[in-house]
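Here are some notes to read alongside the structure. Please keep it open while going through the points.

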Amino acid sequence: ARSISLADTDIQVRYNFATALAHQDSFDVAEAQITQLGQLVSQPSDVWLKFGWDSYQMGAFEKSRQASRKAHQLAPANPLPLYNVALTYLSERKWKEAAAAYAEAGKEHPLPSETRQLLEQMMSHAELESEGKRVIERVIERRSQ
């Protein structure tokens, strides 16, 4: 917070502050910071997409979905937010929800190469359950045609 008071328009400082708040489970305050940060950049959807990804990595899957959906609202032409939503369900082992979210994403966008690479990496993990592997195989197969 002190860094922000010294460099109010420094995007990286503001983003780091928001993620630090999120790590402390202060998501409401973090999201307020992300909203303010979005007003400082030309593509606010990018900030929400990044926050969605970082929330995913923290294991805050519902917050990740919320941020990714906000990114999708701001930039519906970007495929990554919808695929990130699907990824959160996959990571939570909510197979039906993951399959439905991947189908929804696929209706709007082809499978991005970065998403395909991530899914292929996940397939190689021994701890991934067979149902998760089936979801991933269907996504890769359908979206690659």
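1. A term comes first. A crossing of two helices is right-handed if the near helix is turned clockwise from the far one by less than a right angle, and left-handed if anticlockwise. Bear in mind throughout that this is a predicted model.

2. The term applies to helix H2 (residues 11–23) and helix H4 (residues 44–58), whose crossing is right-handed. Their axes come within 11 Å and cross at roughly 35°. On the H2 side the contact is made by Tyr15, Ala18, Thr19, Ala22 and His23. On the H4 side it is made by Val47, Lys50, Phe51, Asp54 and Met58. What kinds of residue make up this contact of H2 with H4? Six are nonpolar, two are polar and two are charged.

3. A second pair to look at is H6 and H8. The axes of H6 and H8 come within 11 Å and cross at roughly 15°. Angles under 35 degrees count as roughly parallel, so H6 and H8 are roughly parallel to each other. The crossing of H6 and H8 is right-handed. H6 brings Leu80, Tyr83, Leu87, Leu90 and Ser91 to the contact, and H8 brings Glu114, Thr115, Leu118, Leu119 and Met122. The residues of this contact divide into seven nonpolar, two polar and one charged.

4. Next, the nonpolar cores. In soluble globular proteins, nonpolar side chains tend to be buried together. The largest nonpolar core in this model has 22 residues. Within this core, Leu90, Tyr102, Leu119, Val135 and Ile136 touch the most other members. Which helices each supply at least two residues of this core? They are H6, helix H7 (95–108), helix H8 (113–123) and helix H9 (130–143). H6 gives the most, with seven residues.

5. Apart from the largest core lies another, of 15 residues. Its members include Tyr15, Ala18, Phe27 and Leu49. Tyr15 and Ala18 also appear on the H2 side of the contact between H2 and H4.

6. One residue deserves a separate look: Asn84, in helix H6 (residues 80–91). Is Asn84 buried or exposed? Its relative accessible area is 11%, and buried means under 20%, so Asn84 is buried. Leaving aside residues up to four places away in sequence, Asn84 touches Leu49, Trp53 and Ser68. Of these, Leu49 is one of the residues in the core of 15.

Terms used: Residues are numbered from 1 along each chain as its sequence is written. This is a predicted model: local features need pLDDT of at least 70, side-chain atom pairs count only at pLDDT 80 or more; totals for chains, interfaces and linings use all residues. Side-chain values use heavy atoms; hydrogens and water are left out. Helices (H or I, at least four residues) and strands (E, at least two) are DSSP runs, numbered from the N terminus. Buried means under 20% relative accessible area, exposed over 50%, partly exposed in between (1.4 Å probe, protein chains only). Contact means heavy atoms within 4.5 Å. Axes are lines fitted to C-alpha atoms, for helices over the stretch in contact, and angles run from 0 to 180 degrees between N-to-C directions. Ala, Val, Leu, Ile, Met, Phe, Trp, Tyr, Cys and Pro count as nonpolar, Asp, Glu, Lys and Arg as charged, and the others, Gly among them, as polar. A nonpolar core is a set of buried Ala, Val, Leu, Ile, Met, Phe, Trp, Tyr and Cys residues joined through side-chain atoms within 4.5 Å. Angles under 35 degrees count as roughly parallel, over 145 as roughly antiparallel, 65 to 115 as roughly perpendicular and the rest as oblique.
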